[in-house]
Amino acid sequence: MDAKRLTMFFAIALLILLGWEQLFPTPKQPQAVVQQQQQQKAPSTELTLSPAQPITVITDTVKAVIDEKSGDLRGLTLLKYNAAGNENKDFVLFSDNKENIYVAQSDLQDANGQSLLKGLAFTAAQKQYTLNGDKAEVRLSAPARDGLQIDKVYTFKKDSYLVDVRFDVTNLSGKPFKAHAVYKVVRDNKAPEGSGFFTHTYTGPVVYTPQGDFEKVDFSDLDDDFNSGTDKAEYVRRTNTGWVGMIQHYFMATWILQPKDGASVCTAGCQIDIKRRNDNLYSSGVAVNLPEMQNGMKYSFPMSLYAGPQTTSTISKIADNLELAKDYGRVYYPATGLFWLLEKLHGLVGNWGWAIVLLTVIVKAALYPLTNASYRSMAKMRAVAPKLEALKQKYGDDRMALQQAMMQMYRDEKINPLGGCLPMLLQIPVFIGLYWAVFASVELRQAPWIGWITDLSRTDPYFILPLLMAATMWFQTTLNPPPTDPMQAKMMKMMPIIFSVMFFFFPSGLVLYWVVNNILSIAQQWYINKSIEKQRAQGEVLDK
């Protein structure tokens, strides 16, 4: 009975870990909200991706590629992070090649939604830029048209993944002019490099506004709406603050409508717009209403793009609630709390691996009352296993008589055969939260532990930790009461093998947590088993 219970616990926990969003999908917005959004449709002009005329910008953190003609940010390589598939290559976030399209676009549109940049060709003073002091500034200028002189200015900063994108507009048209700026993150729906069945996380559009809170918009939802041929494909929000963009495992790209403790760009209102485009790419962006530009005046319209790692200590300082983009799924709050503790421990020991070890010890100690109840239940069942086997021999195939005799034995020995179920189930939310706290944290990427573990976000290169996990799991089964059913007994023998093979593909930081947790569980269960055996030897009742 207890072996079956333990097996079910692991199966349920694993199922929730790997399929939570599939089992419990994010609720759809109320129909009234959707209808209201349909009435607030944003301008739909789409900037196409023509072949780029590259301008290269290199700082200490990024290598950026700007298309000189359109002014789009077409490439972004993060120089401090290596590629998921090759540790000798730098990680590429933005690109516009056939294998992967992920870019940032910005545009000016008139009151009718027509692009003011269409047909214009920007030019820059040079083809390559590097840091000049603490920043690198790229000014793209276009010939004046219809009395409007438009420049697009990129500013990259030292030790930062925050990019400032500014439109400088001079109105010489002879009359006031009304326009809005449009900022988009555009990508395909391909899974990022390094994604797999055991390492899958959400990839796609995200939006946060105080009115609508945080929302993830699945590519599949946008596909369904697009194929329906109706405007309900568009997720639209009017807002005065917030942020919008795309996220994937470890990294993100979001337009910031209001910097932390700064002024909002939405003084005249902003409109979020998330949709699938006609070119089968997906757009997550915002239209910013601009103040009326008077004749003879020059105006500057700034916007910030954060394109980089989801480092909690960094993104929490950029905009309100930007840390929500660090995708912990449905267990955001427990995972956030556990990561906060993990970060504090890292500050003490200076090593993320040892911080995971200490975190596991602390969580195990906090859950001691629950795990103790489960292990005592299993220890009691283990202690009476010889009596149970004798009853099976006595009653043979008479299952009714066997069940009655077993229940009488449980009453005599003061054992609740289901006593360990609830404590185990109560641990599942904590277990899942800890899993995501480790799995979703880019802080562990390229973080070493000891010896052969040089990157806690990658698999163990020699599979030492997965093999240790298998060994500790096997040893745990020897401490459990023997299963009464032969099929359960076979399953218990197979579990360490199945889990070890599965964990060959898991990040070593996660496997480290499992190994430490198993070792602590073995010590706790061994101690309880010995205590129960001592009680029985002294003729004491087992419920003490």
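User: Which helices each supply at least two residues of the nonpolar patch?

Analyst: This is a predicted model. In it, a nonpolar surface patch of about 460 Å² is made by Leu348, Val349, Trp354, Leu358 and Ile450. The helices that each give the patch at least two residues are helix 5 (332-349) and helix 6 (352-366).

User: Where does Ile450 lie?

Analyst: Ile450 is one of the residues that make the nonpolar patch. Its relative accessibility is 32%, so Ile450 counts as partly exposed. Its place is the loop between helix 10 (421-439) and helix 11 (464-479).

User: Which strands are the edge strands of the open sheet of eight strands?

Analyst: The order of the sheet is 7-8-9-18-15-14-11-12, with antiparallel pairing. An edge strand here pairs on one side only. That holds for strand 7 (135-141) and strand 12 (213-216).

User: By what angle are neighbouring strands of this sheet turned against each other on average?

Analyst: The sheet is open and its pairing is antiparallel. With direction ignored, the average turn between neighbouring strands is 20°.

User: What is the bridge partner of Phe156 in strand 9?

Analyst: Strand 8 (residues 148-157) and strand 9 (residues 162-171) run antiparallel and are joined by nine bridges. Phe156 falls within the residues of strand 8. Its bridge partner in strand 9 is Val163.

User: How many residues of strand 11 are buried?

Analyst: Strand 11 has strand 14 and strand 12 beside it in the sheet order. Five bridges join strand 11 to strand 14, and four join strand 11 to strand 12. Strand 11 (residues 204-209) is mostly covered, and the buried count is six of its six residues.

User: Through how many residues does a hairpin join strand 11 to strand 12?

Analyst: Strand 11 and strand 12 run antiparallel. Thr209 has Asp213 in strand 12 as its bridge partner. The hairpin that joins the two strands runs through three residues.

User: Which residue in strand 14 stands opposite Tyr208?

Analyst: Strand 11 spans residues 204-209, and Tyr208 falls within it. Strand 11 runs antiparallel to strand 14. Opposite Tyr208 stands Trp243.

User: How far apart in sequence are the parts that Phe91 and Phe251 tie together?

Analyst: A search of the whole structure gives 25 aromatic pairs. Phe91 and Phe251 form a stacked one, 4.1 Å centre to centre with 20° between the planes, and both residues are buried. Phe91 belongs to strand 4 (residues 90-96) and Phe251 to strand 15 (residues 251-256), so the parts tied together are apart by 160 residues.

User: Why is the pair of Phe214 and Trp243 tilted?

Analyst: Planes under 30 degrees apart count as stacked and those over 60 as edge-to-face, with the rest tilted. The ring centres of Phe214 and Trp243 are 5.9 Å apart. The pair is tilted because its planes stand at 45°.

User: Is Trp243 buried or exposed?

Analyst: Trp243 lies in strand 14 (residues 243-248), and its ring partner Phe214 lies in strand 12, so parts 29 residues apart in sequence are tied together. Phe214 has a relative accessible area of 25% and is partly exposed. Buried means under 20%. Trp243 has 0% relative accessibility, so Trp243 is buried.

User: Which residues do ring pairs link into a cluster?

Analyst: Rings pair if their centres lie within 6.5 Å. Such pairs join up Tyr435, Trp436, Phe439, Phe503, Phe506, Tyr513 and Trp514.

User: How far apart in sequence are the parts tied together by Asp159 and Lys80?

Analyst: The whole structure holds 17 salt bridges. In one of them, Asp159 meets Lys80 at 3.6 Å, N to O. Asp159 is exposed at 56% relative accessible area, while Lys80 is partly exposed at 42%. Asp159 sits in the loop between strand 8 and strand 9 and Lys80 in strand 3 (residues 73-82), so the separation is 79 residues.

User: Which residues do salt bridges that share partners join into one network?

Analyst: Asp168 meets Arg166 in a salt bridge of 2.9 Å, N to O. Asp168 is buried, with a relative accessible area of 4%. The network consists of Arg139, Asp151, Arg166 and Asp168.

Definitions and conventions
Residues numbered from 1 in each chain as written. Predicted model: local features only at pLDDT ≥ 70, side-chain atom pairs only at ≥ 80, totals over all residues. Heavy atoms only, no water. Patch = residues over 30% accessible without salt bridge, like charges linked within 9 Å, V, L, I, M, F, W, Y side chains within 5 Å. Areas by Shrake-Rupley, 256 points an atom, 1.4 Å probe, with all protein chains shown as cover. Salt bridge = Lys/Arg side-chain N within 4 Å of Asp/Glu carboxyl O. Buried < 20%, exposed > 50% of the residue type's maximum accessible area, 1.4 Å probe, protein only. Pairing = 2+ DSSP bridges. Axes fitted to C-alpha atoms, helices over the stretch in contact; angles between N-to-C directions. Phe/Tyr/Trp six-rings, centres within 6.5 Å; stacked < 30°, edge-to-face > 60°.
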